[in-house]
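Take a walk through this model, from one site to the next. Keep the sequence beside the coordinates as you read.

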Amino acid sequence: MISFVIDGAEFAKAAWNALIFTPARSPIPAAKMYLSGEESYLLATDTYTIGRPSLGPTRGVVRPVSRDLTREDLSRLDKVGRASKGEVRIDVPEDNGLIVNGLQVDVQEVIPDRTASVSYDRSVWDRCRALMERLEREEPSIPELLALDPELLARFGKIKTPKGTTPLLDMRITSPSDPILIRCGPNFMGALMPVDRAVASQAATRGGEFLW
């Protein structure tokens, strides 16, 4: 079993930030937690936006593992992290579940294995990671006009950053049609897809092809 210790408040913020990017009507019904010794993070998307809150390097993770987390799971992890009033120990058993225990306060949350109960195309995570890596390599180029959906942009205004850090957004724009890479504080990176004007002008509501 893999175990590591992390600050409960920062863990709660990461869970909250992933929850923002896993809306109730999302076609992707879960976020993904990636754990490794180099960097651990959560990844969430509804195919219009991507949220990637980082947990930083995690000692004790001897091999990379990942776990599915539903909206309910993320909400419960946010609550247990805030209630811990200090550090939490995260245990990752072989059966694909997740156990979080407070070290200063006696609180616990047990997340069951979601592999069988949550059905979706999990290749979306490889595509999200590849997209984020590509956007980091692209040369910035600010277009004269850029259309954004204000409802989607507003999600980035709900991100929680570590105490004493700024919630301002740094945007890396490469074209009017490519996703925008967004950084917020030291631990959050995400992406926002601009509106396709040609499609939007003919669409009555935002649908599957409205943005992407």
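In which strand is the place of Leu 192? Leu 192 belongs to strand E11, which spans residues 188–192. The model is a predicted one. Is Leu 192 buried or exposed? Its relative accessibility is 0%, so Leu 192 counts as buried. Set aside the neighbours within four places in sequence, and Leu 192 is in contact with nine named residues' worth of surroundings that can be taken in turn: Tyr 48 and Thr 49 are among them. Leu 148, Leu 152, Leu 153 and Phe 156 are also among these contacts. Pro 179, Ile 180 and Ile 182 are included as well. Now look at Ile 50. Leu 192 and Ile 50 are 142 residues apart in sequence, yet their C-alpha atoms lie 6.7 Å apart in space.

Move next to a pair of helices. Two packed helices are described by the angle between their axes and by the distance between those axes. Helix H1 covers residues 8–20, and helix H2 covers residues 71–83. Their packing angle is about 155 degrees, and the axes are 7 Å apart. Angles over 145 degrees count as roughly antiparallel, so H1 is roughly antiparallel to H2. The crossing of the two helices is left-handed.

Which residues in H1 meet H2? From H1 come Gly 8, Ala 9, Phe 11, Ala 12, Ala 15, Trp 16, Ala 18 and Leu 19. On the H2 side they meet Arg 71, Leu 74, Ser 75, Leu 77, Asp 78, Gly 81 and Arg 82. By class, the residues of this contact divide into 9 nonpolar, 3 polar and 3 charged.

Stay with Asp 78, one of the H2 residues in that contact. Is Asp 78 buried or exposed? Its relative accessibility is 7%, so Asp 78 counts as buried. Beyond its neighbours within four places in sequence, Asp 78 is in contact with Ala 12, Ala 15 and Trp 16. Those three residues also appear on the H1 side of the helix contact.

Now turn to the salt bridges. How many are there? The count comes to 17. One of them pairs Arg 155 with Asp 46, with the closest N and O atoms 2.7 Å apart. This pair links distant parts of the chain, 109 residues apart. Arg 155 sits in the loop between helix H4 (150–153) and strand E9 (169–172). Asp 46 sits in the loop between strand E3 (40–45) and strand E4 (49–56). Both Arg 155 and Asp 46 are buried.

A second bridge starts from H2. Arg 76 forms a salt bridge with Glu 109, again with the closest N and O atoms 2.7 Å apart. The partners are 33 residues apart: Arg 76 is in helix H2, and Glu 109 is in strand E8, residues 108–111. Glu 109 counts as buried because its relative accessibility is 18%, and the cut-off for buried is under 20%.

Another bridge joins Asp 91 and Arg 89, where the closest N and O atoms are 3.1 Å apart. Asp 91 is buried, at a relative accessible area of 6%. Arg 89 counts as partly exposed, at 30%. Elsewhere, salt bridges that share partners join Glu 72, Asp 73, Arg 76, Glu 109 and Arg 114 into one network.

Asp 91 leads on to Ser 3, since the two are in contact. Ser 3 has its place in strand E1, residues 2–7. At 28% relative accessibility, Ser 3 counts as partly exposed. Leaving aside neighbours within four places in sequence, its contacts are Arg 59, Gly 60, Ile 90 and Asp 91. Arg 82 is 79 residues away from Ser 3 along the chain, and their C-alpha atoms are separated by 20 Å.

Finish with two backbone details. Thr 47 is not a glycine, yet it has a positive phi of about 80 degrees. Thr 47 lies in the loop between E3 and E4. Its relative accessible area is 32%, so Thr 47 is partly exposed. Lys 85 also has a positive phi in a residue other than glycine, near 55 degrees. Lys 85 is in the loop between H2 and strand E6 (87–92). Is Lys 85 buried or exposed? With a relative accessible area of 67%, Lys 85 is exposed.

Note on methods. Residues are numbered from 1 along each chain as its sequence is written. This is a predicted model: local features need pLDDT of at least 70, side-chain atom pairs count only at pLDDT 80 or more; totals for chains, interfaces and linings use all residues. Side-chain values use heavy atoms; hydrogens and water are left out. Axes are lines fitted to C-alpha atoms, for helices over the stretch in contact, and angles run from 0 to 180 degrees between N-to-C directions. Helices (H or I, at least four residues) and strands (E, at least two) are DSSP runs, numbered from the N terminus. Angles under 35 degrees count as roughly parallel, over 145 as roughly antiparallel, 65 to 115 as roughly perpendicular and the rest as oblique. A crossing is left-handed if the near helix is turned anticlockwise from the far one by less than a right angle, and right-handed if clockwise. Contact means heavy atoms within 4.5 Å. Ala, Val, Leu, Ile, Met, Phe, Trp, Tyr, Cys and Pro count as nonpolar, Asp, Glu, Lys and Arg as charged, and the others, Gly among them, as polar. A salt bridge is a side-chain nitrogen of Lys or Arg within 4 Å of a carboxyl oxygen of Asp or Glu. Buried means under 20% relative accessible area, exposed over 50%, partly exposed in between (1.4 Å probe, protein chains only).
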